[in-house]
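Here is a short set of exercises to work through with the model open beside you. Take each task first, then compare your steps with the solution.

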Amino acid sequence: MLLEMKGIAVNYGKINAIRDISIQVPEGKIVTIIGGNGAGKTTTLRAMSGMVPITKGEITFEGKRIDGLPASKVVAHGIAHVPEGRRIFPQMTVEENLRTGAFLRRDKDAVENDLEDVFKRFERLRERRTQRAQTMSGGEQQMLAIGRALMSAPRLLLMDEPSMGLAPVIVEEIAVIVEEINAQGLSVVLVEQNAELALELADYAYVLETGNCAMEGPAHELHDNETVRAAYLGI
């Protein structure tokens, strides 16, 4: 198993954000986490990437414990996080943003090759490589956030609401990007408010409700589950 969370709990002060959640991410697969607002989806991703400390349980990546490590060390292990709201550096250029993703790397030639790969994948970023990030559209900024994460050469990519606030045509483009990235061997954990999209993309899915895992299973089975369809797909 590439990543495994066992019995994870996270508290924000006296508030239990997530309670006793266990998630497995097989190598080469797309795993999605869906649920309503406040269910604990973003907190779960932040726990995976070391952005918030856990209060119970353990997290292993490639068989090694990573809970308790700072986020920079988690990145060094091979986990990259595309945060909700993109969180790019607005005053920096596109290329400068991308290079921050490779900050911990020392393989300069490989970094240059990966930069070229990002520009091949996202031609609009190549066209705007000297442009300040804040001047780009929401869709372009999302591509930049994904490209920045890929520059760390991750084994696992965590994506938090990549379709949020984007036009439908751009959402479709982002979905294709996720599929292409996964097809090249990169494992993905996808948090999405758009449950229909998430279940179409994923191999396996977890449904969170108020900090607990209410349901899990193959994504296609949950897509056809009457409870899931009524609660999250609007059907």
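Helices and strands here are DSSP runs, helices of at least four residues in H or I and strands of at least two in E, numbered from the N terminus. Please keep in mind that this is a predicted model.

**Exercise 1. The largest pocket**

Find which element gives the most to the lining of the largest pocket, and describe that lining by class.

Solution.
- Step 1: Start with the volume, which is about 520 Å³ for the largest pocket.
- Step 2: Collect the lining, which counts 19 residues. Nearest the centre of the pocket lie Val-75, Ala-80, His-81, Pro-83 and Arg-148.
- Step 3: Assign elements. At least two lining residues each come from α2 (71-77), β6 (79-82) and α6 (138-150). The most, four residues, come from β6.
- Step 4: Sort by class, and you get 12 nonpolar, five polar and two charged residues.

**Exercise 2. Two enclosed spaces**

Work out how many cavities of 30 Å³ or more the structure holds, and set out the lining of each by class.

Solution.
- Step 1: A general point helps here: rolling a probe the size of a water molecule over the atoms shows where empty space is left.
- Step 2: Count the cavities of 30 Å³ or more, and you find two.
- Step 3: Take the largest cavity, with about 50 Å³ of space. Its lining is made up of Thr-42, Arg-46, Met-51, His-81, Pro-83, Glu-84, Arg-87 and Asp-160. By class these are four charged, two polar and two nonpolar residues.
- Step 4: Turn to the second largest cavity, of about 30 Å³. Around it sit Pro-162, Ile-174, Ala-175, Val-178, Leu-190, Glu-192, Leu-197 and Leu-201. This lining has seven nonpolar residues, one charged residue and no polar ones.
- Step 5: Ask where the second lining comes from. Both α7 (168-183) and α8 (195-201) supply at least two residues, and α7 has the largest share, with three.

**Exercise 3. One residue of the second cavity**

Decide whether Ile-174 is buried or exposed, and list what it touches beyond its sequence neighbours.

Solution.
- Step 1: Place the residue: Ile-174 belongs to helix α7 and is part of the lining of the second largest cavity.
- Step 2: Apply the cut-off for buried, under 20% relative accessible area. Ile-174 has 2%, so it is buried.
- Step 3: Leave out residues up to four places away in sequence, and the contacts of Ile-174 are Gln-142, Met-143, Ile-146, Pro-162 and Leu-166.
- Step 4: For a distance check, take Gly-57, 117 residues away from Ile-174 along the chain; the two C-alpha atoms are separated by 33 Å.

**Exercise 4. Helix α4 and the second largest pocket**

Check the length of α4 against its expected span, then find how its buried residues are arranged.

Solution.
- Step 1: With 14 residues at 1.5 Å a residue, α4 should span 20 Å, and its end C-alpha atoms are indeed 20 Å apart, so the two values agree.
- Step 2: Pick out the buried residues of α4, which are Val-111, Leu-115, Val-118 and Phe-119. Looking down the axis of α4, these fall within an arc of 95°, and therefore line one face of the helix.
- Step 3: Recall why such a pattern can arise: an α-helix has 3.6 residues a turn, so residues three or four places apart point the same way.
- Step 4: Look at the other side of α4, where Asp-109 and Lys-120 are exposed.
- Step 5: Find the packing partners of the buried residues, namely α3 (94-100), α5 (123-127) and α6.
- Step 6: Link the helix to the second largest pocket, which has about 250 Å³ of space. The largest share of its lining, four residues, comes from α4. By class the whole lining has six nonpolar, two polar and three charged residues.

**Exercise 5. Two residues to classify**

Classify Gly-63 and Ser-187 as buried or exposed.

Solution.
- Step 1: Gly-63 lies in the loop between β4 (56-61) and β5 (64-65). Its relative accessibility is 65%, so Gly-63 counts as exposed.
- Step 2: Ser-187 is in strand β8 (residues 187-191). Its relative accessibility is 0%, so Ser-187 counts as buried.
- Step 3: Beyond four places in sequence, the contacts of Ser-187 include Leu-2, Pro-26, Arg-155 and Asn-182.

Notes. Residues are numbered from 1 along each chain as its sequence is written. This is a predicted model: local features need pLDDT of at least 70, side-chain atom pairs count only at pLDDT 80 or more; totals for chains, interfaces and linings use all residues. Side-chain values use heavy atoms; hydrogens and water are left out. On a 1 Å grid over the protein atoms alone, a cavity is a set of points where a 1.4 Å probe fits but cannot get out, and a pocket is an open set with protein on both sides within 12 Å along at least five of seven lines; lining residues have an atom within 4 Å of a point. Grid points are joined across faces, edges and corners, and a volume is the space filled by probe spheres set on the points. Ala, Val, Leu, Ile, Met, Phe, Trp, Tyr, Cys and Pro count as nonpolar, Asp, Glu, Lys and Arg as charged, and the others, Gly among them, as polar. The expected span of a helix is 1.5 Å times one less than its number of residues. Buried means under 20% relative accessible area, exposed over 50%, partly exposed in between (1.4 Å probe, protein chains only). The arc is that of the directions from the helix axis to the C-beta atoms. Contact means heavy atoms within 4.5 Å.
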